[in-house]
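Me: I'm new to reading protein structures. Could you walk me through one and show me how to make sense of the strands and sheets?

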Amino acid sequence: MADSQSFFLHQKKEMEDFFWKYGYLHIKNVYTQKDINAFLEADKDLVDIEKDLSCYPNLSRLPSNKQLIDALSHVLKGELVYSFDSSICINTSTDEKLKPSQLLHRDNQAEFNFNTNLPVVRCGVYWQDYTNASGGLKVAIGSHKHEYISLNFTFKKLIWLFLRFSKWGCKYIYNKRIKNKIKIDPTVELLPNQLNLKNLKFFPKYVNLYPKPGDLLLWNIRLLHQGYARKISFFPNLSLGARFESLIPWFLCEKKVSPRTAAFFVLQTDDELAQEYRKKRIHALTKKHWSYQPLKSSIQSLEENFHKIDLSGYKKIT
Ligand SMILES: O=C(O)CCC(=O)C(=O)O
Ligand SMILES: [Fe+2]
């Protein structure tokens with residue numbers, strides 16, 4: 001099926017078309033299994049989830065990869081910026097801590113203008129083989145361009161959604177948030193962007209992604225996605241929403257990858273919307289994250305490979 005297609009780094013044009021249409025990419029063999037294992041083995045005693053990958057002598061080579069940067073600057077249609085928004089989690093459990101209805105999310109994005117494109121991606125590098133396993137990534141195809149009405153909707157959520165179809169309704173939501181001092185993520189819009197009927201769809205359509213060690217998955221920062229996907233043994237190509245999936249007994253699913261190790265990093269262009277996103281995100285990342293200084297050697301290599309690096313987060317704590 002076209003939706004669950006994977007690519008190699010040299011297929012730049014194919015990746016560009018696929019990415020803007022569907023909002024995600026599965027890129028094969030970006031690294032070798034041997035390399036990622038060696039990076040991890042060498043740096044594992046330094047790992048702290050709050051540290052950026054640039055704080056590690058070896059794992060810093062995951063984002064600072066010339067071939068990847070070349071390919072993605074083509075896909076995102078602009079030269080790339082590194083903003084020190086990354087981390088690695090090692091040996092984490094794949095037990096679901098969230099209710100199925102809370103799994104699906106966009107990364108620090110809500111109520112944005114669906115008529116614009118945001119050239120910001122989150123990349124995931126996974127150390128385990130997910131080919132025949134549960135516990136991996138599920139994405140909602142093309143959801144970077146649509147808002148959805150789904151079965152999760154409460155009456156209040158539905159009213160809220162309809163308010164967003166008018167300027168007046170958006171202003172009403174904004175005023176309500178200000179008046180009630182509702183705390184929302186600083187990277188999310190306080191004043192919702194007005195929705196248009198063509199932005200609205202019923203029920204997302206999903207696909208599960210099954211990377212092998214050395215593959216890279218990436219998704220538009222606006223795309224709906226979740227971890228903890230289940231692979232149903234007798235219907236391996238079927239991908240259901242988390243609520244339906246949770247009704248399927250585990251003996252009908254492939255075993256979960258557990259524990260799991262994965263690194264994530266954000267790449268973006270320097271376009272105006274991406275700059276706006278970057279500024280808000282740098283502000284939203286924790287003081288602890290910015291207290292870990294990147295290594296000089298990493299900075300040098302990032303500077304050589306990226307068009308620009310944005311160190312402004314580190315000024316927050318000085
Ligand atoms: O656990 C995963 O594979 C996805 C994690 C995720 O949602 C994220 O890093 O934004
Ligand atoms: Fe996410």
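Reply: Happy to! One idea comes before the rest: two strands count as paired if DSSP finds at least two bridges between them. Please keep in mind that this is a predicted model. As an example of a bridge, Val120 stands opposite Gln268 in S10.

Me: How many helices and strands does the chain have?

Reply: There are eleven helices and eleven strands in the chain. The radius of gyration is 20 Å, close to the 20 Å that the globule rule gives for 318 residues, so the chain is as compact as a globular protein of that length. Its C-alpha trace spans about 55 × 55 × 35 Å along the principal axes.

Me: In what order do the six strands of the open sheet come?

Reply: Read across the sheet, the order is S1-S8-S3-S10-S2-S11, and the pairing is mixed. Strand S1 (24-27) and strand S11 (308-309) are at the edges with a single partner strand each, so one side of each has no neighbour in the sheet. A helix joins the picture here: H8 (residues 272-284) packs on the sheet and touches strand S2 (80-92), S3 and S10. The direction of H8 makes about 50 degrees with that of S2.

Me: How do I follow the pairing from one strand to the next?

Reply: Let's start at S1. S1 and S8 are antiparallel partners over four bridges, and His26 has Leu217 as its bridge partner in S8. Next, strand S8 (residues 216-220) is joined to S3 by five bridges, and these two run antiparallel. Within that pair, Leu216 in S8 is opposite Val125.

Me: And on the other side of S3, with S10?

Reply: S3 pairs with strand S10 (residues 260-269) in the antiparallel sense over seven bridges. You have already met Val120 opposite Gln268; besides that, Arg122 has Val266 as its bridge partner in S10. S10 also pairs with S2, in the antiparallel sense over eight bridges. There, the partner of Val81 in S10 is Gln268.

Me: Where do the side chains of a strand point?

Reply: In a regular strand the side chains alternate between the two faces of the sheet.

Me: How can I tell whether a strand is enclosed?

Reply: Count its buried residues, where buried takes 20 or more other C-beta atoms within 10 Å. In strand S3 (residues 120-126), six of the seven residues are buried, so S3 is largely enclosed by the rest of the structure. S10 has nine of its ten residues buried, so it too is largely enclosed. Across the chain, buried residues make up 36% of the 318 residues.

Me: Which residues surround ligand 1?

Reply: They are Asp107, Arg122, Gly124, Leu137, His225, Gly227, Ala262 and Phe264. The elements giving two or more residues to this shell are S3, strand S9 (225-229) and S10. Sorted by class, the shell has three nonpolar, three polar and two charged residues.

Me: S9 wasn't in the sheet you described. Which strands form the open sheet of three?

Reply: That sheet has the order S7-S4-S9, with antiparallel pairing. Strand S7 (206-209) and S9 are at its edges, each with a single partner strand, so one side of each is left without a neighbour in the sheet. On average, neighbouring strands here are turned by 30 degrees against each other, direction ignored. Strand S4 (residues 136-140) and S9 pair in the antiparallel sense over three bridges.

Me: Could we zoom in on one residue there? Is Val139 buried or exposed?

Reply: Val139, which lies in strand S4, has 29 other C-beta atoms within 10 Å, so it is buried. Its bridge partner in S9 is His225. Leaving aside neighbours within four places in sequence, the contacts of Val139 are Tyr24, Tyr206, Val207, Leu209, Trp219, Leu223 and His225.

Me: How far apart in sequence are contacts in this chain?

Reply: Take the contacts between residues at least 6 apart in sequence: 82% of them join residues at least 24 apart. For a pair with a given distance, look at Val139 and Leu80: they are 59 residues apart along the chain, and their C-alpha atoms are separated by 24 Å.

Definitions and conventions
Residues numbered from 1 in each chain as written. Chains lettered and ligands numbered in written order. Predicted model: local features only at pLDDT ≥ 70, side-chain atom pairs only at ≥ 80, totals over all residues. Buried ≥ 20, exposed ≤ 12 C-beta atoms within 10 Å, placed from the backbone. Near = placed C-beta within 6 Å. Nonpolar A, V, L, I, M, F, W, Y, C, P; charged D, E, K, R; others polar. Axes fitted to C-alpha atoms, helices over the stretch in contact; angles between N-to-C directions. Contact = placed C-beta atoms within 7 Å. Rg over C-alpha atoms; globule rule 2.2 N^0.38 Å.
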